[in-house]
Amino acid sequence: MKRLTALSSGIALWLAAGAVADARAGDWYGTAEPFARESVYFVLTDRFVNGDPGNDHRDQGGAQHSFDRPTPGAPAGMSDNVGYLGGDFKGVLDNAGYIRDLGFTSVWVTPIVDNPDEAFTGGDPVAWNGAFTDRGKTGYHGYWGINFYKLDEHLPSPGLDFAGFTAGMKQQQLDVVLDIVANHGSPSYTMPSAQAQYGKLWDAQGKLVADHQNLAPAKLDPEHNPLHAFYNRGGGLAQLSDFNERNPAVLEYLVGAYEQWIDQGASAFRVDTIAWMPHEFWKAFADRIRAKRPGFFMFGENFNYDAASIAAHTWPRNGGYSLLDFPLKAKLVEVFEKAGSDYGQIAQALYTEDGPYANPYELMTFYDNHDMARMKASDNGFIDAHNWLFTARGIPVIYYGSETGFMRGTAEHGGNRNYYGQERIDQGPRSPIFAPLRKIANLRRDSIALQRGLQLNVSLKGDAAAFYRIYDHDGQRQTALVLLNKGDQPTRMRVSDYLESGSWRDAFSGKSQRVRRQLQADVPAHGVRVFLFEGELRRKDTQERLQALMQRKSPFNE
């Protein structure tokens, strides 16, 4: 028995030595995904800037006019609108320099496909702060597609179609992320009388391929009417025409349409309402798209705060999509909306070890967007949130206007999607939020460790957070030590855990210092300090910890 125990111990020591040897090879990274270098500025295109009044179509829709429809019931001093307000490609392109200089590398635009030319007459009347109320609303947001092959007329200008827009943005060093919809078209029933475009779908040749005919889903008859075959009979969200994922023609239609927009310059897709179609559909869609564009990046929206429920979208067998990180979003709002909150709450939703995601470092991190209330934080709360998002794991997404705290705390039909405009952009640098965001976003743009590095936490507690981001892969090496202070007073932070001796450079000032056992730094109130180390990590405890992080970051260690 003693000999057997000794032999077992020897094997264990040999295996452990092998693990350390592997760790010393220094192949440590959060992700090698190319899109992880991006940071994304999200615009609801119609509400950003009206660059070309010539495409406003202010006379469109007749009695159900589509331009400028104030939401009823607004309190004094507040406003909301469910009509078109003029934002277009030119408005985004004219301000590409502003977005780029803020530190962003990509712009996510809402769907560009053709939407109905009238306000919807079915459903429940739009009301202030109302949810799923669409009567009187238009397709200004782009999610009510009637021809997925045709560009909506409110977006382009002479000489500036989608291909021209993406090319122009590329010249400004910005990629375009296209928002796509695959589970529904426009609202399709409950209208007092059928409207000319609602509930219909046309193809690339302008042929009508589907028509809900103002019928409730249960009354559709796909067996006897081919125009009903595109739709499900069970219904879906609100009064939207719900695509039949079991009909092969639906997949062919959508793949053809979205391949067209990739050909015209879309660099990635944000997939709307991914949970409303089964995994089998999304796997088939991903396979077709990536057969044409290998490695094409797509991230989905599953409006669900349970990581275990949404993670399956990221698994290879289901198409390998990234996701908007809703579970982390919930914790970010808890922490950055409230003074005196604890950074430890965020740790619960990072899932960098033994989590359900294929790779948590490829998730899209955010604190609000167009489908929920904007974050109701102080200026300092926004600054703290940005300091976290642009240094911690994940790919940051910021909703337009957040650089100035625009319409904070407001929900859809309550100001969330209000028009921003050129004047606010021109005045943006005056906001206390603006400069700190620009500072940290530009740092991330230039740091491979902040983009793709493993996150090794030192301490997330109270108002202070300290962690490393470590990238040593494919011939590139960088370690970033991040120190965050969301308190109202400056604080001196000291780090010795996992700290490598050598020359550490202040990422903002460029000043280097020799470090041995401890790094000390004064961190301003609501501030961030980042120190960079370019050498090899030799500490045994660091190597072992990094090896464990590499092995435990994904359930698919192959």
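This tour proceeds from the whole chain to one helix and then to a series of individual residues in a predicted model.

**The whole chain**

Begin with the complete chain in a cartoon representation. It holds 14 helices and 22 strands. Aligned on its principal axes, the C-alpha trace covers about 85 × 60 × 40 Å. The radius of gyration is 25 Å, which agrees with the value near 24 Å that a compact globule of 558 residues would have.

Next, switch to a surface representation. The accessible surface of the chain amounts to about 21,900 Å², and carbon and sulfur atoms account for 50% of that area. Of the 558 residues, 58% count as buried. If charged side chains are coloured by sign, there are 58 positive and 66 negative charges to find, and the mean positions of the two sets lie 8 Å apart. A contact map may also be displayed at this point: among contacts between residues at least 6 apart in sequence, 74% join residues at least 24 apart.

**Helix H12**

Select residues 434–445, which form helix H12. The helix has 12 residues, and the distance from its first C-alpha to its last is 16 Å, close to the 16 Å expected at 1.5 Å a residue. Show the side chains of Phe434, Leu437, Ile440, Ala441, Asn442, Leu443 and Arg444, which are the buried residues of H12. To see what surrounds them, add three helices, H3 (96–101), H10 (379–389) and H13 (448–452), together with two strands, E14 (395–399) and E22 (527–533); the buried residues of H12 pack against these elements.

**Phe533, in strand E22**

Remain with strand E22 and select Phe533, which is found there. Its relative accessibility is 6%, so Phe533 counts as buried, the cut-off being under 20%. Beyond residues up to four places away in sequence, Phe533 touches Gln478 and Thr479, as well as Glu500, Ser501, Gly502, Ser503 and Trp504. For a distance across the model, draw a line from Phe533 to Leu332: the C-alpha atoms are 28 Å apart, and the residues are separated by 201 places in sequence.

**Leu484, in strand E17**

Move to strand E17 (residues 476–485) and select Leu484. With 1% relative accessibility, Leu484 counts as buried. Display its contacts outside the four-place sequence window; among them are Tyr343, Asn387, Trp388, Phe467, Met493, Val523, Gly527 and Val528. Leu460 offers a further reference point, 24 residues from Leu484 in sequence and 9.3 Å from it, C-alpha to C-alpha.

**Asp368, ahead of H10**

The loop between strand E13 (364–365) and H10 contains Asp368. Is this residue buried or exposed? At 3% relative accessibility, Asp368 counts as buried. Leaving aside neighbours within four places in sequence, Asp368 is in contact with Ala373, Arg374, Met375, Tyr399 and Ser402. From Asp368 to Gly145 the C-alpha distance is 24 Å, with their positions 223 residues apart in sequence.

**The loop between E3 and E4**

Two neighbouring selections follow. Thr133 lies in the loop between strand E3 (113–114) and strand E4 (147–151), and Phe132 has its place in the loop between E3 and E4 as well. Thr133 counts as buried at 10% relative accessibility, whereas Phe132 is exposed, with a relative accessible area of 57%. Around Thr133, show Asp124, Pro125, Val126, Ala127 and His413, which it touches when residues up to four places away in sequence are not counted. At Phe132, inspect the backbone: phi is near 60 degrees, a positive value in a residue other than glycine.

**Gln213, between E8 and E9**

A further backbone feature is located in the loop between strand E8 (208–211) and strand E9 (240–242), where Gln213 has its place. What is the phi of Gln213? Phi is near 55 degrees, positive in a residue other than glycine. Gln213 counts as partly exposed, at 37% relative accessibility.

**Arg545, in helix H14**

Finish with helix H14 (residues 540–552) and select Arg545. At 25% relative accessibility, Arg545 counts as partly exposed. Apart from neighbours within four places in sequence, Arg545 is in contact with Glu353, Leu456 and Tyr498. A last line, from Arg545 to Ala167, joins C-alpha atoms 44 Å apart in residues 378 apart in sequence.

Definitions and conventions
Residues are numbered from 1 along each chain as its sequence is written. This is a predicted model: local features need pLDDT of at least 70, side-chain atom pairs count only at pLDDT 80 or more; totals for chains, interfaces and linings use all residues. Side-chain values use heavy atoms; hydrogens and water are left out. Helices (H or I, at least four residues) and strands (E, at least two) are DSSP runs, numbered from the N terminus. The radius of gyration is taken over C-alpha atoms; the globule rule is 2.2 Å times the number of residues to the power 0.38. Buried means under 20% relative accessible area, exposed over 50%, partly exposed in between (1.4 Å probe, protein chains only). Contact means heavy atoms within 4.5 Å. Accessible areas come from the Shrake-Rupley method with a 1.4 Å probe; for residues, only the protein chains shown count as cover. Lys and Arg count as positive and Asp and Glu as negative; His and the chain ends are not counted. The place of a charge is taken as NZ of Lys, CZ of Arg, CG of Asp or CD of Glu. The expected span of a helix is 1.5 Å times one less than its number of residues.
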